[in-house]
Amino acid sequence: MVNNTPIASGSAARRNTRTTVIRHGVREVLVGGGAPVVVQSMTNTDTADVIGTVIQIKDLARAGSEIVRITVNNPEAAAAVPAIRDQLDKMGIDVPLVGDFHYNGHTLLNDYPDCARALSKYRINPGNVGQGAKRDTQFAQMIEVACKYGKPVRIGVNWGSLDQSLLARIMDENAKRLAPWPASAVMYEALVTSAIENAQRAETLGMPGNQIILSCKVSGVQDLIAVYRELARRCDYPLHLGLTEAGMGSKGIVASTAALSVLLQEGIGDTIRISLTPEPGGDRAREVIVAQEILQTMGMRKFAPMVIACPGCGRTTSTVFQDLANRIQTYLRDQMPVWKKAYPGVEGMNVAVMGCIVNGPGESRHANIGISLPGTGESSAAPVFVDGEKSVTLRGDRIAEEFQAIVLDYVKTHYGNATIAV
């Protein structure tokens, strides 16, 4: 049946989604069905480089990535996947791995069964599966392997590699309308239709409906919002969110945050990935931290203690508060792999590092622990507040070290049981 209503930008309420379980060993990651939004990332190493890929997966998992996707693009990469999985298991890193397949996925999954078994999920791009008659056959082969090994799939449509035959069909339908849609609406419809039709086809091939996740990635903020609102309206599969090719630095962070925050606020999205272009030699784990901070600042999840810090002004010509805020924020995040096991609940702690007397004492009282550093011309004293009460006043050259010790003592005495040495 032809859909005669163009995709609008109005809000769409999300229906209850099915729950997909992504497993590795005893580790289970729940996606959809009311489960917390899952943070995902992707390596940029050559998957055939086992050591390099294992190191990056370890770093991504340590940063908090709950699922890691890896490229499986040739026989060498497919052959390396079992070794990667084995090395991670030996290191105690049980993060599920997703294989990203394009063009030759049907061949690789059939020719390398150990790869197919080692992966926890397959990502299939319908636009890159094949052309003409081969497309249906090759798509079916990938679904059959997924069913054989009980692996869920993400059917990930991307407007940079859209199925051209489907797009042509949508364009023909549009040409017959009395009032044809604009080109953008036609593109939106092609993306949504591709995702849903391929999911339905996977189900007819034997894939359980609760083993399918969908995504429709674009690189424009308003485009992404419009597409996912419509996708959410027309299906109940779990949805993976991400602004594809978001860009570098602040542009990529701002664009991803702008798009995903709108959708998440409307209840749309079950997993997210922030597709940042890293600086040369930059830290790939940055995309994980940004994803976590989006969810945490929106109040949807808690990953690490948050540092509240003022932006500075003419009253704060010294950089002391900036240095301390950066030091404490880095310290808190670095401690989380240990703290989250030893001190349950610590991820919800708030720490304030303020730069002068204007808002410093008040903001510090609102945090679990806060310090109000002296501004320009103020007395060289830094009062520390613990749960709203003034605790001590720090002075001298070791304020940073002393405040960090106060933070650690608070963590040990207020969260969980101190079962692990720090």
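Me: Is Cys147 buried, partly exposed or exposed?
Reply: The relative accessible area of Cys147 is 30%. Buried means under 20%, exposed over 50% and partly exposed in between, with a 1.4 Å probe and protein chains only. So Cys147 is partly exposed.

Me: What kind of model is this?
Reply: Residues are numbered from 1 along each chain as its sequence is written, and side-chain values use heavy atoms, with hydrogens and water left out. Local features need pLDDT of at least 70, side-chain atom pairs count only at pLDDT 80 or more, and totals for chains, interfaces and linings use all residues, for this is a predicted model.

Me: Is Cys115 buried or exposed?
Reply: The relative accessibility of Cys115 is 1%. Cys115 therefore counts as buried.

Me: How many disulfides does the structure hold?
Reply: A disulfide is a pair of cysteine sulfur atoms within 2.5 Å. The cysteine sulfur closest to that of Cys115 is in Cys147, 17 Å away, so it is too far for a bond. Seen from Cys147, the closest is Cys115, again too far at 17 Å. The number of disulfides is zero.

Me: How far apart are the end C-alpha atoms of helix H9?
Reply: Helices (H or I, at least four residues) and strands (E, at least two) are DSSP runs, numbered from the N terminus. The expected span of a helix is 1.5 Å times one less than its number of residues. H9 has 17 residues, 249–265, so it should span 24 Å. That agrees with the distance between its end C-alpha atoms, 24 Å.

Me: Which helices do the buried residues of H9 pack against?
Reply: The buried residues of H9 include Gly252, Ala255 and Leu260. Contact means heavy atoms within 4.5 Å. Strands S9, S10, S11 and S12 are among the packing partners, as are two helices, H8 (221–234) and H10 (286–297).

Me: Which residue with positive phi comes just after H13?
Reply: H13 covers 16 residues, 399–414. Buried residues in H13 include Phe403, Val407 and Tyr410. They pack against H11 and strands S14, S15, S16 and S17. The phi just after H13 is about 55°, at Gly416.

Me: Which element gives the most to the lining of the largest pocket?
Reply: On a 1 Å grid over the protein atoms alone, a pocket is an open set with protein on both sides within 12 Å along at least five of seven lines, a cavity is a set of points where a 1.4 Å probe fits but cannot get out, and lining residues have an atom within 4 Å of a point. The largest pocket has a volume of about 1,300 Å³, the space filled by probe spheres set on grid points joined across faces, edges and corners. Of its 45 lining residues, Ala61, Arg62, Ala63, Gly64 and Lys340 are closest to the centre. Ten lining residues come from one element, H11.

Me: How many charged residues line the second largest pocket?
Reply: This pocket holds about 340 Å³. Its lining has 21 residues, with Met42, Arg69, Asp100, His102 and Arg123 nearest the centre. Ala, Val, Leu, Ile, Met, Phe, Trp, Tyr, Cys and Pro count as nonpolar, Asp, Glu, Lys and Arg as charged, and the others, Gly among them, as polar. The lining has three nonpolar and ten polar residues, while the charged residues number eight.

Me: What is the volume of the largest cavity?
Reply: The whole structure has one cavity of 30 Å³ or more. Its lining includes Phe101, His102 and Met142. The volume of the largest cavity is about 50 Å³.
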